[in-house]
Amino acid sequence: MTLLSPQSLASDAAAQPVLEVENLVIRYGRATRRPTGPAAVDGVSFTIRPGETLGLVGESGSGKTTIGKAILGLQAVTSGSIRFEGQQIDGLKPRARRVLATKLRAVFQDPYSSLNPRLSIGDSLAEPLLVSGVRREEAQLRAEDMLEQVGLPRDAVTRLPRQFSGGQRQRIAVARALITRPSLVVCDEPVSALDLSTQAQVLNLLADLRDELGLSYLFIAHDMAVVRMLAQRVIVLYRGQVMEEGSTAAVMDDARHPFTQALLAASPVPDPIAQAERRRLRESRLVDGASASSISATGCPFAARCPMATELCRTERPALRPAATSLAACHYA
Ligand SMILES: Nc1ncnc2c1ncn2[C@@H]1O[C@H](COP(=O)(O)OP(=O)(O)OP(=O)(O)O)[C@@H](O)[C@H]1O
Ligand code: SF4
Ligand SMILES: [Mg+2]
């Protein structure tokens with residue numbers, strides 16, 4: 001199943017990007033003052049155009065959430081820049097951030113993080129509108145309209161989050177993110193906590209609303225199958241660095257980077273024979289290798305786990321460059 005509409009596929013390559021991330025570096029804790037230490041995000045650049053969904057994939061700890069948080073102003077940037085609709089937004093003062101908060105929204109894995117358990121759904125949905133100066137009666141009406149748009153009854157406004165199922169709560173979180181008519185939504189693992197059929201429903205909802213409202217998404221997930229359903233373009237992250245970037249079809253069906261190939265081989269498939277083949281491939285790609293902790297400061301970050309690594313890989317960091325139909329950071333892609 002694919003949720004890519006012809007309309008969204010035809011997003012205008014020439015349109016001004018909604019988001020431009022350039023050479024982003026983020027260090028946590030003591031590493032902030034020790035520039036040679038490993039960075040959680042290490043020189044990441046990408047753009048998102050109007051109506052486009054960019055998938056951000058990678059293993060646990062690769063820096064996906066850190067990038068999302070930096071865009072949302074929840075994480076300080078060490079260097080590099082983030083521009084939203086042409087305006088530099090990293091390091092914005094809280095007041096300027098609040099103004100931006102209506103246009104730049106988020107949906108997280110756990111809806112409890114965005115829904116106050118003690119507030120009624122109506123109050124939770126109305127809150128971001130009230131903050132931006134909308135009158136209470138209008139905010140309440142828009143909350144009811146928005147609930148209808150995400151497939152819930154209007155009278156859900158009077159109920160509390162705990163009175164809904166996980167899937168329904170995620171619909172409410174989507175409603176809360178979209179009620180302010182944003183142009184970009186950072187979706188960080190929005191369906192990871194849901195069962196498969198509920199995942200499909202929420203993904204369908206996100207795709208429909210994107211196309212209806214002309215939204216852009218940064219769609220963060222570790223599950224390649226989920227990203228395939230929604231994203232037009234994909235970035236593959238490893239240890240805070242971009243390994244491969246390209247159209248979803250190019251990256252998923254003709255991966256050029258050994259890490260992307262290993263990641264794809266690690267993603268589960270329902271067919272047991274295909275899954276056994278994946279397991280064999282994964283083992284040959286050393287994606288579960290024990291040497292994951294060793295990382296070369298100067299060479300390719302994947303060198304310690306890559307079956308194709310050479311001396312060159314250990315000494316020279318490969319740049320992101322064209323390889324077949326995608327861009328790959330590999331000397332031999
Ligand atoms: N608040 C923090 N303080 C220190 N280090 C952190 C902090 N948050 C994240 N990190 C580190 O930064 C790196 C990237 O973490 P991040 O949460 O961005 O990864 P992720 O790709 O979102 O992983 P996951 O798939 O598990 O959600 C990890 O090494 C993590 O340990
Ligand atoms: S540059 Fe070398 S180590 Fe890195 S992915 Fe390519 S072949 Fe493997
Ligand atoms: Mg994360």
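**Entry 1. Salt bridges**

I searched the whole structure for salt bridges and found 16. I note at the outset that this is a predicted model, and every value I record below is computed from it.

I began with the pair Glu-52 and Arg-49, whose side chains meet in a salt bridge with an N to O distance of 3.5 Å. I then looked up how accessible the two partners are. Glu-52 has a relative accessibility of 1% and counts as buried. Arg-49 also counts as buried, at 18%, because the cut-off for that class is under 20% relative accessible area.

I asked which residues are linked with this pair in a network of salt bridges. The network consists of Arg-49, Glu-52, Arg-233 and Glu-245.

**Entry 2. A bridge between two helices**

I next examined Arg-176, which forms a salt bridge with Glu-127; their closest N and O atoms are 2.5 Å apart. Arg-176 belongs to helix α6 and Glu-127 to helix α4, so this pair ties together parts that lie 49 residues apart in sequence. I recorded Arg-176 as buried, at 15% relative accessibility. Glu-127 I recorded as partly exposed, at 35%.

**Entry 3. Asp-254 and Arg-256**

I looked up a further salt bridge, formed by Asp-254 with Arg-256, and found the closest N and O atoms 2.5 Å apart. Asp-254 is partly exposed, with a relative accessible area of 29%. For Arg-256 I noted a relative accessibility of 29%, which also places this residue among the partly exposed ones.

**Entry 4. Helix crossings**

I turned to the packing of helices. Two packed helices are described by the angle between their axes and the distance between the axes.

For α4 (residues 121–131) and α5 (residues 136–149), I found that the axes come within 8 Å and cross at roughly 120 degrees. I therefore entered the two helices as oblique to each other. Their crossing is right-handed.

For α6 (residues 166–178) and α7 (residues 196–213), the axes come within 10 Å and the crossing angle is roughly 15 degrees. How are α6 and α7 oriented to each other? They are roughly parallel, because angles under 35 degrees are classed in that way. I recorded the crossing of α6 and α7 as right-handed.

**Entry 5. Leu-178**

While on helix α6, I looked up Leu-178, which is placed in that helix. Is Leu-178 buried or exposed? Leu-178 is buried, and its relative accessible area is 1%. I also checked its distance to Val-107: the two residues are 71 apart in sequence, and their C-alpha atoms are 9.4 Å apart in space.

**Entry 6. Helix α10**

I asked how many residues of helix α10 (residues 258–266) are buried. The count is 7 of the 9, so the helix is largely enclosed by the rest of the structure. The buried residues I listed in α10 are Pro-258, Phe-259, Thr-260, Ala-262, Leu-263, Leu-264 and Ala-265.

**Entry 7. Positive phi values**

I then inspected backbone angles. Most residues other than glycine have a negative phi. I therefore noted two residues with positive values, and I record where each lies.

Glu-85 has a phi near 45 degrees, a positive value in a residue other than glycine. I located Glu-85 in the loop between β4 (79–84) and β5 (87–88). Glu-85 is partly exposed, with a relative accessible area of 33%.

Arg-239, likewise not a glycine, has a positive phi near 50 degrees. I found Arg-239 in the loop that runs between β9 (233–238) and β10 (241–247). The relative accessible area of Arg-239 is 28%, and I entered this residue as partly exposed.

**Entry 8. A nonpolar surface patch**

Last, I looked for nonpolar side chains at the surface. Which residues make the nonpolar surface patch of about 260 Å²? The patch is made by Met-308, Leu-312 and Tyr-332. I located Met-308 in the loop between α11 (272–285) and α12 (311–315). With a relative accessible area of 36%, Met-308 is partly exposed. Met-308 can be counted in the patch because patch residues need over 30% relative accessible area.

How values were computed: Residues numbered from 1 in each chain as written. Chains lettered and ligands numbered in written order. Predicted model: local features only at pLDDT ≥ 70, side-chain atom pairs only at ≥ 80, totals over all residues. Heavy atoms only, no water. Patch = residues over 30% accessible without salt bridge, like charges linked within 9 Å, V, L, I, M, F, W, Y side chains within 5 Å. Areas by Shrake-Rupley, 256 points an atom, 1.4 Å probe, with all protein chains shown as cover. Salt bridge = Lys/Arg side-chain N within 4 Å of Asp/Glu carboxyl O. Helix = DSSP H or I, 4+ residues; strand = E, 2+ residues; numbered from the N terminus. Buried < 20%, exposed > 50% of the residue type's maximum accessible area, 1.4 Å probe, protein only. Axes fitted to C-alpha atoms, helices over the stretch in contact; angles between N-to-C directions. Parallel < 35°, antiparallel > 145°, perpendicular 65-115°, else oblique. Left-handed = near helix turned anticlockwise from the far one by under 90°.
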